[in-house]
Structure formats: C-alpha cells, structure tokens
Amino acid sequence: MLQIELRHQKNGPDLWAPVFVCDWCGKKIERAEEGMYQFWMSVGDAPHDPTLVTTHKIIEGQRAACNHLWEKAYEHEGYLHGWIDMANLMGYLINNLHMDWKKLVEEFAPKAVYNELIPPKKGKPRKTYYEEIGKRI
Ligand SMILES: [Zn+2]
C-alpha cells in the first residue's frame, strides 16, 4: 500500500515522503528491486477485482517471501495471479497519468542524471527542484 512518511532533517524542513509498504508484513519496501505489485486477473466472465497490493519479493537470503505468502493466503478460485516488479510500476503510472517525462527528470532526477539526460544551457548554472525548494524554505 501507499503511505506517507514523515522524515525529519537536521538542516532542513521536515519532508512528507510517499512510500510503499508491504501489504503482507507491514514493513516499508526500501528499494524498488525488493518489491512487486500483485493482483488477481479475471478469467472469462468473472467480475474484475481491481485490488492491487504491494509486497516484498524474494531477494536471496534477505527477506521472507511476502509475495508467495500473500498469493497463497488470498488465492481466488477461478482467477489468475498476476505480479510485476515494482520498478515497472513507476513507468506505467507515469504513462497512465499522462505525465511529462522531461519535466519529471528536470524536477526529480538526481543532478548527475539530470545533467546526463538534459544538456545544460551555456553559461546558466543549473539547480534541481530540490535545491530550489531547500533555498526557499
Ligand atoms: Zn514484506
């Protein structure tokens, strides 16, 4: 599930950060590669279940298999289990929300990525969205 987390900063304002939490164990999914989203796909004329859950997935020796435990506990007869890596969720959401990829890079990408993807204009120092926000607060 998606939740909001309060992050206190030593030298800056508090941040309210959206985070994914595992619907099985309740712990935060720290990195995209340790998470996935799961759902049930209808078969034939069965009604569609739009529920989407987020879980940890197996990473060698690091986590319990929350994805497998959830799948087993909530199995629907007549439905097929679907799952996709959490990293793909972000790309699908950006496209489904018709968001501007360039604007996202300009506002949220780390400076190194931003500079690599969008060449700087001559003579103009560049600041990321977070650098600008930090100065204004
Ligand atoms: Zn978990």
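**Strand pairing and the buried face of helix 1**

Strand 1 and strand 2 (residues 15-20) run antiparallel and are joined by 6 bridges. Within this pairing, Glu-5 has Ala-17 of strand 2 as its bridge partner. The structure is a predicted model, and a good place to begin is how open this part of it is. Strand 1 covers residues 2-7, and of its 6 residues the number buried is 0, so the strand lies largely in the open. In a regular strand, side chains point alternately to the two faces of the sheet.

Stepping back to the whole protein chain, 5 helices and 5 strands are found. Followed along the sequence, these elements give the pattern β-β-β-β-α-β-α-α-α-α. The chain has 137 residues, of which 11% are buried. Of the contacts with a separation of 6 or more, 47% are between residues 24 or more positions apart.

Helix 1 offers a contrasting view to that of strand 1. This helix spans residues 66-73, and Cys-66, Asn-67 and Trp-70 are buried in it. Viewed down the helix axis, the buried residues of helix 1 fall within an arc of 100°, so they line one face of the helix. What do the buried residues of helix 1 pack against? Their partners are strand 3 (35-42), strand 4 (53-56) and strand 5 (79-85). Taken together, the face of helix 1 lined by its buried residues includes Trp-70, and these buried residues pack against strands 3, 4 and 5, whereas strand 1, paired with strand 2, lies largely in the open.

Key
Residues are numbered from 1 along each chain as its sequence is written. This is a predicted model: local features need pLDDT of at least 70, side-chain atom pairs count only at pLDDT 80 or more; totals for chains, interfaces and linings use all residues. A residue is buried if 20 or more other C-beta atoms lie within 10 Å of its own, exposed if 12 or fewer, and partly exposed in between; C-beta atoms are placed from the backbone. Helices (H or I, at least four residues) and strands (E, at least two) are DSSP runs, numbered from the N terminus. Two strands pair if DSSP finds at least two bridges between them. Two residues are in contact if their C-beta atoms, placed from the backbone, lie within 7 Å. The arc is that of the directions from the helix axis to the C-beta atoms.
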